[in-house]
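Trainee: I would like to take a close look at one kind of contact between charged side chains. Could you guide me through it slowly, once the model is in front of us?

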Amino acid sequence: MTAFAPSDAPRRTRSFWWRVLMQPAGAIACAIIVLLLAAAGLADLLAPHDPTRMAAGRPLTPPSLAYPMGTDELGRDVLSRIMYGARLTLRIGAIAVGISLVLGLTVGLLAAYLRGWLEALLMRSVDVLFSFTETLIALAFVAVLGPSLTNAMIAVGVAGIPFYARTAYASALSERSKPWFEGAVAAGAGPGRLLFLHLLPNVMPTMIVVATLGLSNAILAAAALSFLGLGAQPPQPEWGFMLSAGRDFFSRAPWLMLFPGLAIALTVLAFNLAGDALREAMDPRSLLREDAR
Amino acid sequence: MMARYLIRRLLMGVTTIFVTTIAVTLLIHLVPGDPVQIMYAQSQGTTPEQLEAIRDRLGLNDPLPLQYLSFLGRLLEGDLGQTIRGQQPVLELLLERLPNTLALAGAAMVLAVAIGLPIGFLAAYRRGSWVDSTLMIAAIAGVSVPHFWLGLVLMFVFAVNLGWLPVAGTGPANLILPAITLGLSNAAIVARMTRSSMIDVMSQDFVRTAHAKGLPKAMILNAHVMRAGLVPIVTMMGLQFTYMMGGAIVVENIFAWNGIGRLAIDAIFQRDYPLIQGFILVFATTVVIVSLLIDLAYALLDPRIRRSA
């Protein structure tokens, strides 16, 4: 249907994914993400213990064969908690980025498509929200809704909307100024068709890169909220919360400091590298520069 | 041009603060359930009559527009109400703590630039070499390490184990670890920004011309690349500072540094809505003012903007 609208989107052929995986960044990212998905998906089968069962072992047992990452202050198995934590972390990232992406895209595309005073109203509102900073928006949401993991996901998702809206807007604006868009208008395409069949597919490549990099941002922000006690609540095996719960025991049990922190860092690293690799594999010039965030 | 640019920025800032005052008034009404009951849930034995009196005192029974106007009126007198716990004046409390947060964010920013700028410049200069790859791998790893984890590790190593620095508190020596924590995380961002900006400049025509007319390399870098490449970096400083302010909220809580971030998190836990409202307003205003000052400095530094005035 979009035959006369040559898309900048790379075709999903093997050569595209080949280009992603052939970069060191892409390969490393892929390895970590596969590991993460395996830990999250197979936690029920592979986790040696129930992640919330207290006294699965003696409290603060150092890493050993029975407890590869040791036990925490309540005798829970850290490895099992990390594995179930992977599940939580991926869900947090997906929901938060989902909120930012869907609402940001809607605002950005509408503003670029409508033009006129609605465009001005939408984008000036986005500018104001943007200058509030993501941290403040997220904190305000948690302050209103009360601390919980679900509220933290919503808060982080909403806080991301201005950035996604700006990027989608800029990208849609440059797409609609191209000759093929005028062609579609001249051919009599209606608003729905122009928005969903023409603008959206052409904006998506940029937004996929933004969302991939956004996953690391969202996971970091949600983990920070949980670390502060404003996100995950006991006994949820959330990594940020595990770090703050274990901090009084670090001198006796440094593994409580090591593993959850490493898990967050590797996950965030993986999505950062994946975003970079995707951007390189797509046309590197048409996409966002790396200082965009 | 410059005047128009600055007026636009100023209007934007004023709008932001104006919207913040509306948002802050609405905030308490968006709380699911009865905010007054939630606020006093932690203090025992508050009777329904007392709650009603508090509701009256906070003006929550008035119509919304009236609430907003009286909020604005009190704001102009510098009165943001009193905290639920301890009955302290909110604005005074926040302004007393604000310099600590600014000191932390400022020190971290100086560190981030001092570390990130040379690294990014070196990577751009040695583009494509092993130096570049190594530095950029370090930078992406640095971006990925959560600052709260970095803070905990630094505290564990340098304060708890080695005992070189104090663990927590507020004083000159106490600033070192939180500033390093916040500075290092952002140094990685500055390094990435610097590299891409410098590479952009190095591939431009005027640099090629300079090479072609045989200028010494050091002179090209100093006189041409550096000056042009720094402009977009300085532009990003305003945004950088807002990251610092946001990051400071978390870092203050790790090191018990007495800034407004620590106050805010306590307020959220205690559901102290007057204090939360005050925090949001003070934080947003600070970010707006500082970004405006940085923009002003940048407009004065960039000859393309300054001379067109």
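Trainee: In helix H9 (residues 205–212) of chain B, by about how many helical turns are B:Arg208 and B:Asp205 separated, and why?

Mentor: Please keep in mind that this is a predicted model. B:Arg208 and B:Asp205 are separated by about one helical turn, because they lie three residues apart in helix H9 of chain B. Their side chains meet in a salt bridge, with 3.2 Å from N to O, and B:Arg208 is exposed, since its relative accessible area is 58% and exposed means over 50%.

That pair can be set beside a salt bridge that crosses between chains. Here the side chains of B:Arg192 and A:Asp276 meet, at 3.6 Å from N to O; this pair runs from helix H8 (residues 172–202) of chain B, which holds B:Arg192, to helix H11 (residues 255–281) of chain A, which holds A:Asp276. Both of these residues are buried.

A further place to look is in chain A, where A:Arg81 forms a salt bridge with A:Asp72 and the closest N and O atoms are 3.7 Å apart. A:Arg81 counts as buried because its relative accessibility is 2%, and A:Asp72 also counts as buried, its relative accessibility being 4%; the cut-off behind both statements is that buried means under 20%. A:Asp72 and A:Arg81 are also linked with A:Arg76 in a network of salt bridges. Over all chains, the count comes to 13 salt bridges.

Notes: Residues are numbered from 1 along each chain as its sequence is written. Chains are lettered from A and ligands numbered from 1 in the order in which they are written. This is a predicted model: local features need pLDDT of at least 70, side-chain atom pairs count only at pLDDT 80 or more; totals for chains, interfaces and linings use all residues. Side-chain values use heavy atoms; hydrogens and water are left out. A salt bridge is a side-chain nitrogen of Lys or Arg within 4 Å of a carboxyl oxygen of Asp or Glu. Buried means under 20% relative accessible area, exposed over 50%, partly exposed in between (1.4 Å probe, protein chains only). Helices (H or I, at least four residues) and strands (E, at least two) are DSSP runs, numbered from the N terminus.
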